[in-house]
Amino acid sequence: MRIRRSVTRMFSALVFPAICGAAIVYFGYYTVWGTRGLLVLNDTNAHLAIRTEQLTALKSQRAHLERRIKLLEPGSVDPDLLEEVARQQLLDGVQGQIVVPRKTP
């Protein structure tokens, strides 16, 4: 009876630390090797850098297109840009069509 009581007391004294230890191991494992762990952080930073470069390229392309659109607005049409757009649309007409540009006098 006395041995049984000491074993029961020892077991009950170790239950709480064992549960806490298991929780620490579980969360520690996922902190390092989990889907959002430290080992995945480098891959995430690399993807972020690539996406940032793509974003800056798209922003510069958008700014270029906005400048071209602004030059074609009514009232402030740039003659050089208008001629460039007209030539591009006229010379790139139908596939297989031969266009010979004439010199203007």
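**Close-up 1. R62 and E66 meet in a salt bridge.** In this predicted model, R62 is an exposed residue, with a relative accessible area of 57%. Its partner, E66, counts as partly exposed at 43% relative accessibility. The side chains of R62 and E66 come together at 3.0 Å, taken from N to O. Why are E66 and R62 separated by about one helical turn? The two are four residues apart in helix α2, which covers residues 38-71, so about one turn of the helix lies between them.

**Close-up 2. E84 and R68 link two helices.** Here is the other kind of view, with partners from distant parts of the chain: E84 belongs to helix α3 (residues 79-91), R68 to helix α2, and 16 residues separate them. Their closest N and O atoms are 3.4 Å apart, and the pair forms a salt bridge. How exposed are the two partners? E84 counts as partly exposed at 42% relative accessibility, and R68 is also partly exposed, at 26%. The whole structure holds two salt bridges.

**Close-up 3. Y26 and F27 form an edge-to-face aromatic pair.** A pair of aromatic rings is described by the distance of the centres and the angle of the planes. For Y26 and F27, the centres are 5.2 Å apart and the planes make an angle of 75°. The angle is over 60 degrees, so the pair counts as edge-to-face. Y26 is partly exposed, with a relative accessible area of 47%, whereas F27 is exposed at 54%. The count of aromatic pairs comes to four.

**Close-up 4. Five aromatic residues gather in one cluster.** Take a step back from Y26 and F27 to find Y29, Y30 and W33 in the cluster with them. W33 sits in helix α1 and is exposed, with a relative accessible area of 55%. Together with L39, these five residues make a nonpolar surface patch of about 740 Å². Which helix gives the most to the nonpolar patch? That is helix α1 (residues 2-33), with five residues.

**Close-up 5. The chain as a whole is built from three helices.** To place the earlier views, follow the chain along its sequence: the pattern is α-α-α, and the number of strands is zero. Of the 105 residues, 4% count as buried. The chain exposes about 10,300 Å², and carbon and sulfur atoms supply 64% of that area.

Key
Residues numbered from 1 in each chain as written. Predicted model: local features only at pLDDT ≥ 70, side-chain atom pairs only at ≥ 80, totals over all residues. Heavy atoms only, no water. Buried < 20%, exposed > 50% of the residue type's maximum accessible area, 1.4 Å probe, protein only. Areas by Shrake-Rupley, 256 points an atom, 1.4 Å probe, with all protein chains shown as cover. Phe/Tyr/Trp six-rings, centres within 6.5 Å; stacked < 30°, edge-to-face > 60°. Patch = residues over 30% accessible without salt bridge, like charges linked within 9 Å, V, L, I, M, F, W, Y side chains within 5 Å. Salt bridge = Lys/Arg side-chain N within 4 Å of Asp/Glu carboxyl O.
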